[in-house]
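Subject: The structure I promised you

Hi there,

Here is the structure for you to look through. My notes on it follow below, so have it open while you read.

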Amino acid sequence: MNIELRLISKKIYVKSYKESLEETVRYKVKGNKLIVTTYNKKGKLTEERSFKRLSEDDVKKLDYDYERDVRADKKLFQN
């Protein structure tokens, strides 16, 4: 990687990190959901994410599906 490109990438990363320090993050639990809201320094909503609590069976299925997809990708890209 070119040194100039690394310096630019580093500057962008540092700028993004400093901006994130000025954000406010709030968490709310509603039943089996976690809602994460992010506000900029002016108080404007910039992002809202929600996460659902999974049952043990759902977690196992998700892990199985992920591993299956990884194996399929490896097969596809090895040929």
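To start on the outside: which residues form a positive surface patch? The patch is built from Lys28, Lys30, Lys33 and Lys52. Please keep in mind that this is a predicted model.

One of these lysines, Lys30, belongs to strand E1, which covers residues 24-30. Lys30 has a relative accessible area of 53% and therefore counts as exposed, the cut-off being over 50%.

Strand E1 also takes part in a second surface feature. A nonpolar patch is made up of Val25, Tyr27, Val29, Leu34 and Phe51, and together these residues offer about 490 Å² of accessible area. With three residues, E1 is the element that gives the most to this patch. Val29 is a good place to look: it sits in strand E1, and its relative accessibility of 62% makes Val29 exposed.

Now for the overall picture. The protein contains two helices and three strands, and along the sequence they come in the order α-β-β-β-α. How does the radius of gyration of the protein stand against that of a compact globule of 79 residues, and what are the two values? The protein has 20 Å, whereas such a globule would have a value near 12 Å. Along the principal axes, the C-alpha atoms fill a box of roughly 50 × 45 × 15 Å. Of the 79 residues in the protein, 6% are buried.

On to the charged side chains. The structure holds six salt bridges, and here are some that I looked at in helix H2 and around it.

The pair Glu56 and Lys60 is one of them, with the closest N and O atoms 3.6 Å apart. Why are these two residues separated by about one helical turn? Both are in helix H2 (residues 56-78), and they are four residues apart, so about one turn of the helix lies between them. Glu56 and Lys60 are both exposed.

Another salt bridge links the side chains of Lys61 and Asp65, at 2.9 Å from N to O. This pair, too, lies in helix H2 with a spacing of four residues, about one turn of the helix. Are the two partners buried or exposed? Lys61 is exposed, because its relative accessibility is 52% and the cut-off is over 50%. Asp65, by contrast, has 17% relative accessibility, and because buried means under 20%, Asp65 counts as buried.

The side chains of Arg68 and Asp69 form a salt bridge as well, with an N to O distance of 3.4 Å. Arg68 has a relative accessible area of 38% and is partly exposed. Asp69 is also partly exposed, at 40% relative accessibility. Through salt bridges that share partners, Lys61, Asp65, Arg68 and Asp69 are joined into one network.

If you have only a few minutes, I would suggest two views. For the surface, turn to strand E1, where you will find Lys30 of the positive patch and Val29 of the nonpolar one. For the charges, go to helix H2 and follow the network from Lys61 and Asp65 to Arg68 and Asp69.

Happy to talk it through whenever suits you.

Best wishes

How values were computed: Residues numbered from 1 in each chain as written. Predicted model: local features only at pLDDT ≥ 70, side-chain atom pairs only at ≥ 80, totals over all residues. Heavy atoms only, no water. Patch = residues over 30% accessible without salt bridge, like charges linked within 9 Å, V, L, I, M, F, W, Y side chains within 5 Å. Areas by Shrake-Rupley, 256 points an atom, 1.4 Å probe, with all protein chains shown as cover. Salt bridge = Lys/Arg side-chain N within 4 Å of Asp/Glu carboxyl O. Lys, Arg positive; Asp, Glu negative; His and termini not counted. Charge placed at Lys NZ, Arg CZ, Asp CG, Glu CD. Buried < 20%, exposed > 50% of the residue type's maximum accessible area, 1.4 Å probe, protein only. Rg over C-alpha atoms; globule rule 2.2 N^0.38 Å.
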